[in-house]
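Let us walk through this structure step by step, beginning with the ligand and its surroundings and then turning to the strands.

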Amino acid sequence: MALSAALRPAAARAEAIPVLVIHGGAGVIKADMSPERQKIVKAALARALDAGYAVLKAGKPAKDAVVASIRVLEDDPNFNAGKGAVFTHDGHNEMDAAIMDGATLQAGAVAGVRHVRNPITLARAVMEHSKHVLLIGQGAEAFARAQDIDLVDPSYFWTRRRWDQLQKALREDAAHVRHADETTDRHFGTVGAVALDRDGHLAAGTSTGGMTDKLWGRVGDSPLIGAGTYANAGCAMSGTGWGEFYIRTVAAHEICMRVTLLHEPLAHAADDVINHEIPALGGNGGAILVDAQGNIATPFNTSGMYRAWIGRDGISHVAIFADGAPAQ
Ligand code: ASP
């Protein structure tokens, strides 16, 4: 495939079998997961998967499915996005989100929003109803008002679990110790989705509260097109993990370029960047990916990653730990 073919909008293809992959964040550790909690989280992932897959089965575009799945996860306090967003260093919830439509290379993103109930919906509005790609803070929220997008009081995002996680991180800051759980879902937990629709088009989306105890105005990889979120005609990715390393490696773009330009198998390119390049720099995390043939990859180097998928076989899978790798 020549450069232009990888980057230009996808031509109509023979009807594809829809594929959907979602994640609820890397960094899950067994010690934090009672059997009851595993059950609750798996049920939430299954609900989000069903919501997105119903959209694909109805013949609608991949970007609609991505939004449908992510909204379910944003409304669920178990995930670090929307309702369950983690707290910043000074005790706010500041959320980031992005969506990219691989069929058109259109993208929309928001960063540092504090009142938007479903940041993924606002990211989509930026993509479809503005001439921009990324809006931040108060400007993004003014745009949300203009678009009639649900705004809520910041108290909506307050949860005991996330508040306690911040207090623990602040105690560690005060004692000048490295956060003991820098690699766990006390810090991670972003949500995302990638989809292949019946027309053979791909889309990716990611939504997050960022990382617990993040400093003022910190923006992670999730809303940065090419870092934590990317889709083109041949590959779509949503990442989760220590965002600074995804930004420095431009992880999603690198993987998708290796797949579309160098024709590397999806699983190989994804494993190389997520499990080798990022850890070599000192980072960690995971990602979900799908290519235009419906191959799936879900690499992660943390002890677990909340994830669920329906591949070409049409069967639902939900997994948390290293078991249950998706069949290609
Ligand atoms: N990647 C996100 C960030 O750095 C965090 C996460 O994946 O949970 O903002």
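How many ångströms (Å) separate a polar side-chain atom of D221 from a nitrogen atom of the ligand? In this model, which is predicted rather than determined by experiment, the polar side-chain atom of D221 lies 2.7 Å from that nitrogen atom.

The backbone also takes part in the surroundings of the ligand: an oxygen atom of the ligand is 2.9 Å from a polar backbone atom of G189, and a backbone N or O atom of G243 lies 3.0 Å from an oxygen atom of the ligand. Taken alone, the ligand would expose 270 Å², and the protein buries 100% of that area. The place where the ligand sits is the largest cavity, and the residues around the ligand include F188, T190, M211, R218 and S222, as well as the glycines G210, G220 and G241.

We can now turn to the strands. Strands of a sheet pair through backbone hydrogen bonds, and they can do so in a parallel or an antiparallel way. Here, eight strands form an open sheet with mixed pairing, and their order is β4-β3-β2-β6-β5-β1-β11-β12. At the edges are β4, residues 134-136, and β12, residues 316-319, each of which pairs on one side only. On average, and with direction ignored, neighbouring strands of this sheet are turned by 5° against each other.

One pair of strands shows how such a pairing looks in detail: β1, residues 19-26, and β5, residues 191-196, pair in the antiparallel sense over five bridges. Within this pairing, H23 has G192 in β5 as its bridge partner.

Technical notes: Residues are numbered from 1 along each chain as its sequence is written. This is a predicted model: local features need pLDDT of at least 70, side-chain atom pairs count only at pLDDT 80 or more; totals for chains, interfaces and linings use all residues. Side-chain values use heavy atoms; hydrogens and water are left out. Two strands pair if DSSP finds at least two bridges between them. Helices (H or I, at least four residues) and strands (E, at least two) are DSSP runs, numbered from the N terminus. Axes are lines fitted to C-alpha atoms, for helices over the stretch in contact, and angles run from 0 to 180 degrees between N-to-C directions. A residue is near a molecule or strand if one of its heavy atoms lies within 4 Å of it. A polar contact is a pair of N or O atoms within 3.5 Å; within protein, one must be able to donate a hydrogen and the other to accept it, and residues adjacent in sequence count only if both atoms are side-chain atoms. Accessible areas come from the Shrake-Rupley method with a 1.4 Å probe; for residues, only the protein chains shown count as cover. On a 1 Å grid over the protein atoms alone, a cavity is a set of points where a 1.4 Å probe fits but cannot get out, and a pocket is an open set with protein on both sides within 12 Å along at least five of seven lines; lining residues have an atom within 4 Å of a point. A molecule sits in a cavity or pocket if more than half of its atoms lie within 2 Å of its grid points.
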